[in-house]
Every structure is written in structure tokens, then in C-alpha cells.
Amino acid sequence: MTQTQRPAKPAAKTKLFVLDTNVLMHDPTCLYRFEEHDVFIPIQTLEELDGHKKGMSEVARNARQASRTMDEIVSTSEEGIVTGFDLCEPSHKMATGRLFLQSEAIPNELPVNVPTAKADNQILAVVHYLHKKFPKRPVILVSKDINMRIKARAMDLEAQDYFNDKVLEDTDLLYSGVRELPANFWDEHAKDMESWKENGRTYYRLRGPLASNLLINEFVYQEGEKPLYAWVKDRDGPAVVLETLIDFSHQKNNVWGIVARNREQNFALNLLMNPEVDFVSLLGQAGTGKTLLTLAAGLTQVLETKRYSEIIATRVTVPVGEDIGFLPGTEEEKMAPWMGALEDNLDVLNGNGEEGGHYGGDWGRAATRDLIRTRIKIKSLNFMRGRTFINKFLIIDEAQNLTSKQMKTLITRAGPGTKVVCLGNISQIDTPYLTEGSSGLTYVVDRFKGWPHNGHVTLQRGERSRLADWAGEVL
């Protein structure tokens with residue numbers, strides 16, 4: 001969705017968008033995202049941008065990139081600063097408006113009790129001035145800061161969030177990867193249906209009203225006397241091919257001793273164990289089994305079938321409470337406290353060989369644990385740039401805290417034979433300026449849907465404990 005697709009007053013004149021600093025630091029290419037409308041940069045925005053450019057953080061990188069973009073626009077233009085700089089050529093016709101930089105001292109005419117020294121209020125003074133200067137033109141402040149937008153509206157100035165990076169306005173519309181077939185599905189789709197068996201699976205080629213809406217690797221199910229669990233394997237014009245699933249809820253198909261406890265977990269294991277699916281995203285509340293299923297599938301394919309050489313796990317290090325300062329040790333040791341979830345799940349997986357089972361009691365379990373440790377590497381996100389992972393099983397945990405740009409950086413690390421699994425819960429975002437609609441996890445789920453080598457499942461049922469399920473529901 002573009003910035004200008006919001007419901008707006010029917011005005012013949014183009015709008016003038018005044019940008020807050022956090023918008024440029026969030027998306028350095030935002031100058032090109034306003035289509036035919038004009039963009040105004042206050043001098044205070046440039047000052048704040050200058051203050052954030054030092055360092056190696058994502059914010060500092062974005063601040064430097066935004067400055068370079070502006071320099072390119074200003075230095076290549078032959079127009080004067082008063083008339084504004086044409087954005088058509090630098091943006092390759094993505095934007096047709098003009099860029100204006102503050103070129104005059106603007107008097108501060110805000111209410112007396114508003115402190116003038118504060119940077120936010122100086123930007124509001126600019127919006128107020130432009131609003132009075134162009135009474136017939138919509139002047140809109142664009143900011144990621146909610147309080148800034150509230151202050152602007154309190155002063156009767158128009159303000160909006162920057163929502164160009166939002167994949168969806170409503171996350172209820174997010175692709176779930178799972179579709180329940182209606183009761184009359186077979187009545188409507190049985191005409192000209194072909195069915196055959198191959199390698200122990202049943203295939204159905206169907207045509208009908210619902211077939212055109214199904215995406216490749218989307219799971220379909222129907223409960224009842226003759227339940228059906230299948231996924232879409234191929235599209236051929238108006239026809240789709242459904243393939244029945246491997247039943248991972250049966251002990252004979254267990255994955256490192258783990259069996260699926262519900263329908264969605266079964267769907268997830270079909271994706272995690274399929275070598276044709278290179279990218280898997282699993283969404284779900286706490287306790288739905290995302291990490292456990294992924295680790296079980298990873299260990300089976302690394303240690304038993306030898307499909308991948310090792311498991312690499314990473315996550316965004318955003319603390320829930322106060323930070324505990326610098327952590328000692330190597331990269332692996334520093335990341336260890338953040339990877340507690342992996343450790344907990346490894347303990348569960350190691351415990352699957354009961355006393356006297358195939359691990360040979362405590363000794364066997366200790367040996368297995370040591371073997372597993374050598375095949376799981378824990379990496380920090382900070383050192384991912386420029387790397388290539390070949391033949392690896394890459395797990396990105398807590399992926400809801402990644403921006404779309406960070407997500408792209410991580411997924412493009414995948415070399416030949418590598419499988420990437422993203423896990424997350426978009427209702428638990430800890431990163432400032434990210435929302436459910438603009439999270440990198442939402443972004444990849446939406447952009448990858450329908451690609452033949454991608455699969456996604458939203459896990460619904462918690463399987464941790466009755467206490468955890470009840471807490472998730474009522475607290």
C-alpha cells in the first residue's frame with residue numbers, strides 16, 4: 001500500500017508531506033514513496049539525522065543512507081532550493097513530486113506553554129507555519145512517533161503514520177497457510193476429477209470455483225467421517241493438484257521422537273521435513289511448538305538423514321526487561337543466554353529416549369547431547385552481512401522483531417542446499433517503530449506466499465501446559 005492510498009479529502013492540489021526524522025531512519029528510501037506529492041524536510045530533521053549517523057547500528061546505517069539519498073538529489077539537480085528539487089529522475093519515475101528543504105528561518109508560533117527547545121516542537125512549528133502559508137493545500141506531518149502525531153492533532157494539524165512499509169493494514173488478513181474446505185467441496189469440484197496413487201500418496205486433480213483461489217503449498221483440510229488433510233502441489237491453469245500428507249501424528253512417522261499433537265503441527269512437520277521447501281515460516285502464540293518441531297526436524301535431517309551439515313540458530317537480541325549489560329565470552333557464549341528457548345527444547349528432545357531406550361540410559365543421553373552440541377551453531381545477527389551458508393538448516397527465532405530489510409539480509413545468506421525457517425509471534429513485538437503490519441515476519445509471509453518452494457503455517461493450539469494455555473487466554 002502506498003502512502004497516498006489513505007482516504008483523503010478530494011483536493012485537486014497535491015499534498016505537502018513534512019517528514020519527521022524517525023521516518024527517514026526507518027526507511028531511507030521514503031523520499032521516493034510519496035508518488036505525485038511533495039516532500040518537505042525541516043532543518044531540525046537534518047540536525048537529528050546528523051546526530052544519529054555515527055555507529056554500526058541499523059538506525060545509524062539508515063541515517064547515513066538517507067543523507068546520501070538527499071545528497072544525490074540535491075547535487076544532481078540544477079534547480080534552486082526555493083523551487084524545490086524534482087524527484088522524478090533520481091527515483092526512476094517512482095515519485096513525480098518535488099523535494100523542499102527548509103531554506104528560511106521559520107518563526108515559532110506554537111502555544112506559549114510548548115517548550116521551543118525540543119526538536120519535535122520545532123518540527124511542529126514548521127508544520128504550523130506551512131499550514132498557514134498554504135491554506136488551500138493539505139500539509140501533513142508524517143511521523144512514526146505516536147506522541148508526536150497526538151501533539152500535532154492537538155494543535156489542529158494533520159498527522160499520519162508512515163505506512164508505506166506496512167504489508168497489511170489488518171493482520172487478520174495475513175495469509176495463514178491453512179484453509180478449511182466447505183462441506184459441499186466435493187459436490188462442486190468432483191466433476192472431471194482425476195485421482196491416482198504414487199509413492200504411497202493419493203493425488204487429486206480438481207477444477208472448480210475454489211481451485212482458482214488456492215495457492216501452491218497451501219494446506220487444505222476437511223474434518224468429518226472421512227477426514228482429508230492435503231496440500232496444493234501444482235497449478236495447471238484452472239486446475240490444482242492436491243497431495244495427501246504424511247501423518248506425523250502417528251508414532252511410526254515420529255521426528256526425533258516427536259509426534260504432531262494437532263492438525264497444524266502435522267502441517268508444519270510436512271513443510272519442515274520436505275526437501276523441496278526451502279523457506280518455512282511458522283507463526284503462533286507461545287507454547288504452540290514452533291521451536292520444538294523445528295529443532296526436531298533439524299536434528300533428524302542433520303544427524304540421521306545427513307541432508308544438512310549443521311543447524312545454525314540466530315535471533316534478535318531485544319531484552320524483555322532491563323538489559324543486564326555486556327556479556328563475557330565468545331560470540332557463541334554471548335548468545336547463549338538469548339538462546340535459552342533452544343536449550344529448553346533440546347532438553348525435551350534429549351529426554352525422548354526413556355531409561356533403557358535407544359540412548360542407553362544416562363550415559364547414552366549425555367553422549368547424544370554432546371553430539372548434538374557439535375552440530376548446532378548459535379550466531380549473532382550482527383555478523384551475518386556478507387556470509388553464505390551452504391547446506392545448512394538455518395533457524396531465525398523471534399523473527400517478528402526484524403525489519404523487512406534485516407529479513408532480506410538474513411534470507412539472502414542462504415546458499416545451495418540451505419533451508420531457512422523463520423519462527424515468531426507477531427503479537428509479541430519488542431522493537432520500537434515496528435508494528436504487526438510492518439514486521440519483517442509479516443513481510444516475508446505475505447511476499448513468499450504461492451512460491452513453490454515456500455510454506456507457511458499459523459499454529460493455533462498451545463501444547464505447552466494447561467497453565468500456559470489458560471494464562472495466554474486470560475492474562
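Which residue stands opposite Val 421 in β17? In this predicted model, one such residue is Val 280, and a good way to get to know the structure is to start from this strand and work outwards.

Strand β17 is joined to β13 by 5 bridges, and the two strands run parallel. A parallel pairing also links β17 to β16, here through 4 bridges, with Ile 395 standing opposite Val 421. Between β16 and β17 the chain passes through helix α12, forming a β-α-β crossover that is right-handed.

How many of the 6 residues of β17 are buried? The count is 6 of the 6, so the strand is largely enclosed by the rest of the structure. In a regular strand, side chains alternate between the two faces of the sheet. Both faces of β17 are covered: Lys 419, Val 421 and Leu 423 are buried on one side, while Val 420, Cys 422 and Gly 424 are buried on the other.

The crossover helix α12 spans residues 404-411, and its buried residues include Met 407, Thr 409, Leu 410 and Ile 411. Among the elements covering the buried residues of α12 are the strands β13 (279-284), β16 (392-397) and β17 (419-424), together with helix α13 (440-448).

A helix pair can be described as well. Helix α7 (residues 263-272) and helix α8 (residues 290-304) have axes that come within 10 Å and cross at roughly 30 degrees, and the crossing is right-handed. From α7, the contact is made by Gln 265, Ala 268, Leu 269 and Leu 272; from α8, by Leu 293, Thr 294, Ala 297 and Gln 301. Sorted by class, this contact of α7 with α8 has 5 nonpolar residues, 3 polar residues and no charged ones.

Conventions: Residues are numbered from 1 along each chain as its sequence is written. This is a predicted model: local features need pLDDT of at least 70, side-chain atom pairs count only at pLDDT 80 or more; totals for chains, interfaces and linings use all residues. Side-chain values use heavy atoms; hydrogens and water are left out. Buried means under 20% relative accessible area, exposed over 50%, partly exposed in between (1.4 Å probe, protein chains only). Contact means heavy atoms within 4.5 Å. Axes are lines fitted to C-alpha atoms, for helices over the stretch in contact, and angles run from 0 to 180 degrees between N-to-C directions. A crossing is left-handed if the near helix is turned anticlockwise from the far one by less than a right angle, and right-handed if clockwise. Ala, Val, Leu, Ile, Met, Phe, Trp, Tyr, Cys and Pro count as nonpolar, Asp, Glu, Lys and Arg as charged, and the others, Gly among them, as polar. Two strands pair if DSSP finds at least two bridges between them. A crossover is right-handed if, with the strands pointing away from the viewer, the path from the first strand over the helix to the second runs clockwise.
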